[in-house]
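Work through the exercises below with the sequence and the 3D structure at hand. Try each task before reading its solution.

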Amino acid sequence: MPTPELLPCPFCGSTSLDAHRGYTEIATYQISCMNMGCECSTALWSKPEEAIDAWNRRAPGWTRIEDCPEEWKDGRLCVLKFIGSSILLARFKYCEFYEKEVWEDTTGRVVFNPDFVIPLPAGPEK
Ligand SMILES: [Zn+2]
């Protein structure tokens, strides 16, 4: 089967990607980045085309946390991503307990060592 075009990894930019079938009783398909240390992958999908669509729908513009632009640290909601793990919403703000600015999730818990960040898009104007 010819491999449809896959966009580069939205996190590391790698084009070394693997489209593979999972090893469960139910047919599952997944796209994974093969760059060591990135470990980004889609969820499991029942059809290859669904996994490819999911991969290609990933938002561009993810930035390594250490390169986070200062304007994203103004208290706005951002999406944080951890290598090999899920994402969560957080904002950069001053924490009285740690006496410094930290990333806090929407429940007020401090988020340690996220790997990537992207600002949450603004909602539609009324
Ligand atoms: Zn990657």
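The protein has one helix and eight strands; helices (H or I, at least four residues) and strands (E, at least two) are DSSP runs, numbered from the N terminus. This is a predicted model, in which local features need pLDDT of at least 70 and side-chain atom pairs count only at pLDDT 80 or more, while totals for chains, interfaces and linings use all residues. Residues are numbered from 1 along each chain as its sequence is written.

**Exercise 1. Overall layout**

Task: Describe the order of the elements, the outer dimensions and the division into domains.

Solution:
- Step 1. Along the sequence the pattern reads β-β-α-β-β-β-β-β-β.
- Step 2. Taken along the principal axes, the C-alpha atoms fill a box of roughly 55 × 35 × 25 Å.
- Step 3. There are two domains, domain 1 (1–58) and domain 2 (63–119), with bounds that come from an automatic or database domain assignment.
- Step 4. Their C-alpha centres lie 26 Å apart.
- Step 5. Four residues of domain 1 are in contact with four of domain 2; contact means that the C-beta atoms, placed from the backbone, lie within 7 Å.

**Exercise 2. The open sheet**

Task: Give the strand order of the six-stranded open sheet and explain why its edge strands each have a side without a neighbour.

Solution:
- Step 1. Two strands pair if DSSP finds at least two bridges between them.
- Step 2. The order is 3-8-4-5-6-7, with antiparallel pairing.
- Step 3. Strand 3 and strand 7 (110–111) are at the edges; each has a single partner strand, so one side of each is left without a neighbour in the sheet.
- Step 4. At one edge, strand 3 (residues 63–64) is joined to strand 8 by two bridges, and Arg64 stands opposite Phe116.
- Step 5. Strand 8 also pairs with strand 4, antiparallel and over four bridges; here Phe116 is the bridge partner of Lys81.
- Step 6. At the other edge, strand 6 (residues 100–105) pairs with strand 7 over two bridges, and Glu104 has Val110 as its bridge partner.

**Exercise 3. The largest nonpolar core**

Task: Find which elements supply the largest nonpolar core and where the core lies relative to the domains.

Solution:
- Step 1. A nonpolar core is a set of buried Ala, Val, Leu, Ile, Met, Phe, Trp, Tyr and Cys residues joined through C-beta atoms within 7 Å. A residue is buried if 20 or more other C-beta atoms lie within 10 Å of its own, exposed if 12 or fewer, and partly exposed in between.
- Step 2. The largest core has 18 residues, of which Cys9, Phe11, Ile31, Ala51 and Leu80 touch the most other members.
- Step 3. At least two residues each come from strand 2 (29–33), helix 1 (48–56), strand 4 (78–81), strand 5 (87–95) and strand 8 (116–119).
- Step 4. Both domain 1 and domain 2 give residues to this core, so it lies between them.
- Step 5. Leaving out residues up to four places away in sequence, Leu80 touches Ile87, Leu88, Ala90, Trp103, Val111, Pro114 and Val117.

**Exercise 4. One residue, His20**

Task: Decide whether His20 is buried, exposed or partly exposed, and find its contacts.

Solution:
- Step 1. His20 lies in strand 1 (residues 17–21).
- Step 2. His20 is partly exposed because 14 other C-beta atoms lie within 10 Å.
- Step 3. Apart from neighbours within four places in sequence, His20 is in contact with Gln30 and Ser32.
- Step 4. The C-alpha atoms of His20 and Ile31 are 6.5 Å apart, although 11 residues separate the two along the chain.

Conventions:
Two residues are in contact if their C-beta atoms, placed from the backbone, lie within 7 Å.
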